[in-house]
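Please open the structure in your viewer and keep the selection tool at hand. The tour below goes stop by stop, saying what to select and what is there.

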Amino acid sequence: MCGIVGYVGQRQAKDILLDCLGRLEYRGYDSSGIAIRDSNNDINSYKDAVRVATLQENAPPLNGNMGIAHTRWATHGPPTMVNAHPHLDCTGKFAVVHNGVIANFQKIKDLLIAEGHTIVSETDTEVIPHLIEKYYNGNLEEAVQNTINVLTGSYSIIVLSQYESKLIVAKNGSPLVIGITESDKFISSDVPAIIKYTDRVIYLEDGDLGVIVGDNIRIMNYGKEIERKEQQVGWCKEEIQKEDYEHFMLKEIHEQPRVITNTILENVKFNTSFAMDGVVQDLGILACGTSYNAGLIGEYIIEELTGIPTRVCFASEFNHRRTVHLDEAIILTQSGETADVLTAMKTLKSLGVKTLAVTNVPGSTASRIADRTIFIKAGPEVSVAATKSFVAQLIVLYQMVLSHPSVDPAMRKLLRAELNQLPRKVEQLFESESQIVECAKYISTYEDAFFIGRGINYPVALEGALKLKEISYIHAEGFAAGELKHGPFALLSKGVPVIAITAQDANYEAMLISIKEVKARDAYVIALANENDEIIGKFADKVLKIPNTHKLLSPLMNTIPLQLLAYYTAKFRGCPIDFPRNLAKSVTVE
Ligand code: F6R
């Protein structure tokens with residue numbers, strides 16, 4: 001994880017770097033630091049185990065128009081000032097920020113110590129400036145190339161040196177992008193950090209080493225000069241403003257009607273279908289976390305509407321399987337940078353399995369590895385908890401399935417019409433937000449909560465629980481309602497909140513029975529139910545009415561109140577909603 005930024009141009013680097021760094025905190029936020037090269041060519045740095053806002057308050061004046069900065073998600077060593085980046089060599093002439101994991105750092109560290117280097121941190125990163133110092137012979141570019149030649153693992157790095165007025169960047173496995181204006185160059189792990197300054201970017205590829213001197217950018221790939229095309233980012237800077245919302249998460253939940261419309265409109269222009277050659281017997285969906293939950297809903301609708309056998313796998317588990325039998329795989333990853341997902345994609349590719357990536361980030365690594373990519377139109381998602389990207393992934397999945405030739409034409413027509421109605425219905429749902437706030441107040445006083453659903457709404461239960469636990473720190477679990485009596489019942493006690501997700505489908509009666517059973521154990525049931533449901537009020541303690549939609553689309557309508565429920569519960573508990581502890585948005589380590 002971790003976020004890195006660099007700047008070289010005509011302005012003061014400090015303000016720009018800290019501004020960009022603040023927008024990268026979703027990648028990690030346990031420590032931060034900055035290093036600037038001043039007009040005497042000295043490197044001045046400041047770092048601490050604090051978030052960017054505090055760094056900004058405490059940092060001394062650092063003058064200069066070239067620098068690097070870092071926000072950390074600890075992997076090697078706890079969040080401390082010493083472990084924070086930038087890391088410098090013993091002489092203080094070379095400073096480095098790094099995202100990724102250097103797999104062979106211990107071996108290098110032992111060698112460097114034997115050669116007389118003093119290594120002060122527990123990080124894998126610190127060996128990099130020491131190696132650069134060791135290899136420096138009057139040519140920074142050469143020293144960095146020699147350094148990366150001995151590194152294994154994943155990295156994107158930015159190097160600043162007292163000796164030469166340039167920034168050197170290198171990438172292998174972790175993302176890195178260069179933003180361009182006539183007079184400034186920005187380097188960043190992700191586009192949202194720099195979009196305020198420019199929408200012209202160059203995405204670096206694995207093996208790239210870039211040299212940025214004034215206006216000039218030169219890129220080598222494994223030592224050979226190469227041209228990387230400048231691209232225009234399809235996002236605008238307004239999308240990363242919080243506007244009047246207290247948190248990005250609430251803003252992003254409220255953006256969903258627009259996101260649904262944009263995603264539908266964007267993808268009707270393309271052929272979004274899959275498994276078209278008629279020989280797909282074994283379709284896979286690979287993903288992690290919230291994207292995995294979207295995949296489970298995808299599995300349900302693909303099998304229901306096309307009959308194609310589908311399996312959903314955690315990418316992290318898939319990577320440890322010895323045999324793989326898939327004809328085609330859909331890869332769900334909002335960031336397009338999740339390390340487990342990328343490893344799985346590379347394995348699939350090496351086995352000749354066709355991959356179709358569904359991602360939110362143009363230029364992301366997943367989009368470059370995949371045979372085909374469909375972009376969801378969620379716009380930048382800043383809050384660590386995925387909300388609008390989940391719903392946009394579902395919209396794409398529905399569109400993909402509906403464009404498959406085996407779907408019954410009448411059903412296709414009906415569901416497409418229903419999809420078009422969704423933005424209005426989600427707006428309608430927001431009108432009853434105060435009832436969700438009431439339920440959240442109740443849940444916020446408990447340390448456990450359970451979510452239950454059946455059929456297509458079972459993954460919604462999983463997603464509701466994931467959202468609640470990650471931002472409110474309440475222990476939350478999602479269960480297939482029929483499984484309760486096979487163990488989870490033991491967890492029920494008086495008053496404990498159980499959120500029952502229902503829809504007007506074949507599972508409805510069974511859900512009522514599950515609610516009855518839960519009530520018999522004195523738990524407190526909050527039911528999500530169709531607006532026309534007159535029965536459920538007799539079973540549950542509290543009912544949240546959901547605007548009516550087709551039963552196959554019910555996960556879309558049921559997920560949004562659960563996002564709000566998690567949000568308000570976390571708010572009652574005073575949690576740092578956009579930046580939950582120990583988590584990061586882009587999980588670039590396995
Ligand atoms: C939860 C969340 C994570 C991500 C997971 C996969 O709110 O955001 O569970 O869904 O880390 O990320 P992507 O979709 O970027 O591969």
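How many cavities of 30 Å³ or more does the count come to? The count comes to four cavities of that volume or more, where a cavity is, on a 1 Å grid over the protein atoms alone, a set of points where a 1.4 Å probe fits but cannot get out. Grid points are joined across faces, edges and corners, and a volume is the space filled by probe spheres set on the points.

Before the first selection, please note that this is a predicted model, in which local features need pLDDT of at least 70 and side-chain atom pairs count only at pLDDT 80 or more, while totals for chains, interfaces and linings use all residues. Residues are numbered from 1 along each chain as its sequence is written, and side-chain values use heavy atoms, with hydrogens and water left out.

**First stop: the cavities**

Select Tyr26, Asp190, Pro192, Gln334 and Val361, which lie nearest the centre of the largest cavity among the 14 residues that line it, lining residues being those with an atom within 4 Å of a point. This cavity holds about 140 Å³ of space, and its lining divides into six nonpolar, four polar and four charged residues. In this division Ala, Val, Leu, Ile, Met, Phe, Trp, Tyr, Cys and Pro count as nonpolar, Asp, Glu, Lys and Arg as charged, and the others, Gly among them, as polar. At least three of the lining residues come from each of domain 1 (3–238) and domain 2 (242–425), with the domain bounds taken from an automatic or database domain assignment.

The second largest cavity has a volume of about 90 Å³. To find it, select Pro175, Ser189, Asp190, Tyr203 and Glu337, the closest to its centre of the 13 residues in its lining. That lining, too, draws at least three residues from each of domain 1 (3–238) and domain 2 (242–425).

**Second stop: charged pairs**

Side chains of opposite charge can pair when their charged atoms come close. The count here comes to 26 salt bridges, each being a side-chain nitrogen of Lys or Arg within 4 Å of a carboxyl oxygen of Asp or Glu.

Keep Asp190 selected and add Arg27, since the side chains of these two residues meet in a salt bridge at 2.7 Å, N to O. The pair links distant parts of the chain, 163 residues apart, with Arg27 in the loop between α1 (13–22) and β2 (31–37) and Asp190 in the loop between β10 (185–188) and β11 (200–203). Here helices (H or I, at least four residues) and strands (E, at least two) are DSSP runs, numbered from the N terminus. Both Arg27 and Asp190 are buried, a word that means under 20% relative accessible area, whereas exposed means over 50% and partly exposed in between (1.4 Å probe, protein chains only).

Next select Glu463 and Lys467, whose salt bridge has its closest N and O atoms 2.8 Å apart. These two residues are four residues apart in helix α15 (residues 458–472), so they are separated by about one helical turn. Glu463 is buried, with a relative accessible area of 2%, and Lys467 counts as buried at 1%. Elsewhere, salt bridges that share partners join Lys251, Glu255, Arg258 and Lys388 into one network.

**Third stop: the pockets**

Which residues mark the centre of the largest pocket? A pocket is an open set of points with protein on both sides within 12 Å along at least five of seven lines, and the largest one has a volume of about 550 Å³. Of the 26 residues that line it, Cys288, Gly289, Thr290, Ala584 and Val587 are the closest to its centre. The elements giving two or more residues to this lining are α8 (289–306), α10 (339–350) and α15, and the largest share, five residues, comes from α8. Because domain 2 (242–425) and domain 3 (432–576) both give residues to the lining, the largest pocket lies between them.

For the second largest pocket, with about 290 Å³ of space, select Gly22, Arg23, Glu25, Phe248 and Phe579, which lie nearest its centre among 17 lining residues. By class, these 17 lining residues are eight nonpolar, three polar and six charged.

**Last stop: the cysteines**

The structure holds zero disulfides, a disulfide being a pair of cysteine sulfur atoms within 2.5 Å. Select Cys313, for which the nearest cysteine sulfur, that of Cys288, is 11 Å away. Cys313 is buried, with a relative accessible area of 6%.
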